[in-house]
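User: I'd like to learn how to read charge pairs and surface patches in a model like this one. Could you walk me through it?
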Amino acid sequence: MAKESTKNILLRLDPELAERLQTVASVEGRSVSDVAREAIAALVDQRRQDRRFGRLLDENLARHEESLQRLRGDD
């Protein structure tokens, strides 16, 4: 991933989880950011394969489409 295509975010973790994340990164000789990116990418991929999440996504998109139509006066 090229640096110019990254986005900084602030992630607040409870101290115990932050310490465990740091330990994983340290043991693997990687940065905390790399380990966190990998975990987030795995979660997103897992959700993309999840049928329940797909249904929730479809419902959410439908609600937003309805809202956009009302804002445009398409009702």
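User: Which residue forms a salt bridge with Arg-37?

Analyst: Happy to help, and do keep in mind that this is a predicted model. The general idea is that side chains of opposite charge can pair when their charged atoms come close. Here, the partner of Arg-37 is Asp-34, with the closest N and O atoms 2.3 Å apart. Both residues sit in helix 2 (residues 32–49), 3 residues apart, about one turn of the helix.

User: How do I read the accessibility of Arg-37?

Analyst: Partly exposed means a relative accessible area between the 20% and 50% cut-offs. Arg-37 has 43%, so it is partly exposed; Asp-34, at 32%, also counts as partly exposed.

User: How many salt bridges are there by this rule?

Analyst: The count is 4. One of them links Arg-30 to Glu-28, whose closest N and O atoms are 2.7 Å apart. Arg-30 is partly exposed at 29%, and Glu-28 is partly exposed at 45%. Another joins Glu-65 and Arg-72, with 3.7 Å between the closest N and O atoms. Shared partners also tie Glu-28, Arg-30 and Glu-38 into one network of salt bridges.

User: Which residues form the nonpolar patch on the surface?

Analyst: For a patch, look for accessible nonpolar side chains that lie within 5 Å. In this model, Leu-11, Leu-13 and Leu-17 form one, with about 240 Å² of accessible area together. Leu-17 belongs to helix 1 (residues 15–28). Its relative accessibility is 36%, so Leu-17 counts as partly exposed.

Technical notes: Residues numbered from 1 in each chain as written. Predicted model: local features only at pLDDT ≥ 70, side-chain atom pairs only at ≥ 80, totals over all residues. Heavy atoms only, no water. Patch = residues over 30% accessible without salt bridge, like charges linked within 9 Å, V, L, I, M, F, W, Y side chains within 5 Å. Areas by Shrake-Rupley, 256 points an atom, 1.4 Å probe, with all protein chains shown as cover. Salt bridge = Lys/Arg side-chain N within 4 Å of Asp/Glu carboxyl O. Helix = DSSP H or I, 4+ residues; strand = E, 2+ residues; numbered from the N terminus. Buried < 20%, exposed > 50% of the residue type's maximum accessible area, 1.4 Å probe, protein only.
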